[in-house]
Structures are given as C-alpha cells and as structure tokens.
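User: Hi, I have a protein model open and would like to go through it with you. Could we start with a pair of helices and then move around?

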Amino acid sequence: MSHPESTPSQVRPITGHDSSGSWIPIRRLNNRHRPDVLRHLLALSPDDRYLRFEHIATDEQVQRYVDQIDFERDEIFGVFNRRLELVAMAHLAFDGGTEGLPADTAEFGVSVATHLRGRGVGQRLFAHAALHARNRGVHTLVVHALSENAPMLRIARSAGAAIERSGGEARARVKLAPDTLATRVGALVDEGVAGVDYGIKRQVQRVDRLVSAIAGSCT
Ligand SMILES: CC(C)(COP(=O)(O)OP(=O)(O)OC[C@H]1O[C@@H](n2cnc3c(N)ncnc32)[C@H](O)[C@@H]1OP(=O)(O)O)[C@@H](O)C(=O)NCCC(=O)NCCS
C-alpha cells in the first residue's frame with residue numbers, strides 16, 4: 001500500500017523535550033564514542049536487533065556495523081544517562097547518491113534502551129536528526145522499518161511521511177523543508193546545551209568516584 005506524496009515537513013519541535021515535557025540532552029557522537037555505541041547496541045534484545053537491522057544481527061554483525069560507522073560523513077546522535085551510559089542513539093546516514101538513493105536523501109536509524117521507551121525519546125531523536133538533515137541540504141529523510149514496527153512508523157507518520165509497504169517491510173519517506181536561520185541556530189543551541197549537560201555529568205561522576213575512593217580509604 002502506498003500513500004500520497006507528503007508535503008515538506010518542519011518535523012515537530014526544535015526544542016529537546018520529551019512527551020512529559022522533560023528536556024532531553026542529545027549529543028553528537030564522534031569516533032571516541034564507538035565503544036559506547038557498541039555497548040548500547042549489544043544490549044538490544046534479539047527482537048530489537050531484528051527491528052533495528054531487519055535481521056537478528058549477531059554480536060559480530062553488530063560489531064562490524066559499529067566498526068564501519070563513518071563519523072565524518074554521517075551524524076550519530078546519542079542520549080546519555082547520569083552514569084554516562086549511552087541509552088539511545090540515532091544514525092543519520094548521508095548515503096544519498098549510493099544504493100539507488102537520490103543525492104539529496106539521508107537515512108535514519110534509531111534505538112532506545114527498553115526502559116526508556118514510550119517517553120518520546122525516539123520521536124525527539126527523529127526531530128533532531130531531521131533538523132540536522134535540513135541543515136545539510138537534505139530534502140528527503142528515509143526510514144527502513146519492518147511493517148510491524150508500530151512505534152517507528154508512528155514517529156515517521158507523525159512527521160508527515162509517505163509510507164510504502166512491500167511484504168513485511170516498509171519504507172517511510174519524509175520530505176523536509178529547506179533550512180532556515182532558526183534550524184541553524186536551533187542545532188547550535190541544542191549542541192551547546194547538550195555539551196554542557198555532558199560536561200556536568202562527567203564532573204559529577206568524577207566527584208562520585210573521588211568520594212567513593214576517599215570513603216574506601218577511610219574504612
Ligand atoms: C522505535 C523506537 C526507537 C521508538 O522509541 P521510543 O522512544 O519508545 O518512541 P517514542 O516514545 O518517541 O514513541 C513514538 C510513537 O510511537 C508510539 N508508540 C510507542 N510504543 C508503541 C507501541 N508499542 N505500539 C504502537 N505505538 C507505540 C508512541 O505513542 C509515540 O506516538 P505519539 O507521539 O503519537 O504518542 C524503539 O521502540 C526502539 O528502540 N526499538 C528497537 C529498534 C528499532 O525498532 N528501531 C527502528 C528501526 S530503525
């Protein structure tokens with residue numbers, strides 16, 4: 001079943017709030033975060049790996065995927081908890097012009113730790129990725145998902161996606177509006193504030209370790 005072409009989407013918020021109104025710090029990840037990405041993905045259940053990769057990826061296949069992430073070409077976004085564990089991530093792949101995709105296309109893939117689901121984190125990562133895609137001149141954001149993946153398709157649909165289904169697979173295409181001053185400033189502000197948040201968490205962790213070490217040496 002296919003739906004009519006969607007109109008360019010602004011893709012909901014530029015602000016980083018989840019469905020409860022809490023702010024979600026989303027950081028751009030780099031090469032240093034490869035081990036965090038691997039840990040996060042290996043923690044996904046077989047069912048979730050099936051939904052994420054469209055096959056039950058073995059640990060070796062997950063490792064290969066992580067090894068091959070191109071942090072220079074693509075943008076990888078992550079959400080860290082207070083212990084600085086990566087609890088959600090999105091891969092915005094700028095692979096337009098390859099694999100039969102038009103040049104002004106990017107692909108989106110995402111995963112959220114089970115205990116954080118249903119709180120708007122996936123939706124928020126999608127909006128964040130769409131914002132960055134617009135700023136990179138992308139006109140269409142593509143998501144490949146299994147037809148049974150209700151939350152993913154709901155996220156895409158609420159962003160105005162046209163969804164094509166073929167067998168058990170679905171391809172959602174979201175038309176993006178061109179970038180504006182607001183999308184550019186929004187991305188910079190998000191990035192800056194998330195960086196500060198990460199710095200504070202790291203500092204708190206250091207202090208916690210120091211306090212534990214002092215407490216340990218006193219017993
Ligand atoms: C898909 C995934 C990222 C969604 O993350 P999430 O943080 O739980 O999603 P959100 O909380 O933003 O919810 C998104 C929408 O789906 C809806 N939803 C959540 N769980 C649902 C379910 N089981 N069935 C139907 N809809 C559901 C939410 O109500 C929300 O819709 P709304 O904004 O209209 O209320 C998460 O389920 C996941 O990591 N799955 C495994 C990996 C995967 O499937 N990745 C996608 C393929 S690349």
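User: How do H1 and H3 cross, left-handed or right-handed?

Analyst: H1 passes H3 in a right-handed crossing, and please keep in mind that this is a predicted model. Helix H1 covers residues 34-42 and helix H3 covers residues 59-68, and their axes come within 10 Å and cross at roughly 150°.

User: What do I need the angle for?

Analyst: Two packed helices are described by the angle between their axes and the distance between the axes. An angle over 145 degrees counts as roughly antiparallel, and H1 and H3 are therefore roughly antiparallel to each other.

User: Which residues of H1 and H3 meet?

Analyst: On the H1 side, Arg34, Val37, Leu38, Leu41 and Leu42 take part, and they meet Asp59, Val62, Gln63 and Val66 of H3. Sorted by class, the residues of this contact of H1 with H3 are 6 nonpolar, 1 polar and 2 charged.

User: Let me zoom out. How many helices and strands are there in the protein?

Analyst: The protein has 6 helices and 7 strands, and from the N terminus on its elements run β-α-α-α-β-β-β-α-β-α-β-β-α.

User: And what percentage of the residues count as buried?

Analyst: The protein has 219 residues, of which 31% count as buried. If you look at contacts between residues at least 6 apart in sequence, 66% of them join residues at least 24 apart.

User: Can you give me one buried residue to look at? Where does Ile76 lie?

Analyst: Ile76 lies in strand E2, and Ile76 counts as buried because it has 22 C-beta neighbours inside 10 Å, where 20 or more are needed.

User: What does Ile76 touch, leaving out residues up to four places away in sequence?

Analyst: With those left out, Ile76 touches Leu29, Val37, Ile69, Phe71, Met89 and His91. Val37 also belongs to the H1 residues that meet H3. There is a long step in sequence to look at as well, since Ile76 and Ala129 are 53 residues apart along the chain while their C-alpha atoms are separated by 8.7 Å.

User: What about Glu191, how far is it from Pro25 in sequence and in space?

Analyst: Glu191 and Pro25 are 166 residues apart in sequence, and they are 8.4 Å apart in space, taken from C-alpha to C-alpha. Glu191 is in helix H6, which covers residues 181-218, and Glu191 is partly exposed, with 16 other C-beta atoms within 10 Å.

User: Changing topic: which residues come nearest to the ligand?

Analyst: There are 22 residues around the ligand, and Leu51, Arg117, Gly122, Gln123 and Ala150 come nearest.

User: Which elements supply at least two residues of the shell around the ligand?

Analyst: Helix H2 (46-53), strand E4 (105-112), helix H4 (121-135) and helix H5 (150-158) each do so, and H5 gives the most, with 6 residues. By class, the shell around the ligand is made up of 9 nonpolar, 8 polar and 5 charged residues.

User: One more thing, about backbone angles. What is the sign of phi in most residues other than glycine?

Analyst: Most residues other than glycine have a negative phi. Glu54 is not a glycine, yet it has a positive phi of about 65°. Leu84 is not a glycine either, and Leu84 too has a positive phi of about 65°.

User: Where are Glu54 and Leu84 found?

Analyst: Glu54 is in the loop between H2 and H3, whereas Leu84 is in the loop between strand E2 (75-80) and strand E3 (86-93). Glu54 counts as partly exposed because it has 15 C-beta neighbours inside 10 Å, and Leu84 counts as partly exposed with 13.

User: Back at the loop between H2 and H3, what does Ile56 touch beyond residues up to four places away?

Analyst: Ile56, which lies in that loop between H2 and H3, touches Pro46, Arg49 and Tyr50. The C-alpha atoms of Ile56 and Pro46 are separated by 5.7 Å, although the two residues are 10 residues apart along the chain. With 13 C-beta neighbours inside 10 Å, Ile56 counts as partly exposed.

Key: Residues are numbered from 1 along each chain as its sequence is written. This is a predicted model: local features need pLDDT of at least 70, side-chain atom pairs count only at pLDDT 80 or more; totals for chains, interfaces and linings use all residues. Axes are lines fitted to C-alpha atoms, for helices over the stretch in contact, and angles run from 0 to 180 degrees between N-to-C directions. Angles under 35 degrees count as roughly parallel, over 145 as roughly antiparallel, 65 to 115 as roughly perpendicular and the rest as oblique. A crossing is left-handed if the near helix is turned anticlockwise from the far one by less than a right angle, and right-handed if clockwise. Two residues are in contact if their C-beta atoms, placed from the backbone, lie within 7 Å. Ala, Val, Leu, Ile, Met, Phe, Trp, Tyr, Cys and Pro count as nonpolar, Asp, Glu, Lys and Arg as charged, and the others, Gly among them, as polar. A residue is near a molecule or strand if its C-beta atom, placed from the backbone, lies within 6 Å of it. A residue is buried if 20 or more other C-beta atoms lie within 10 Å of its own, exposed if 12 or fewer, and partly exposed in between; C-beta atoms are placed from the backbone.
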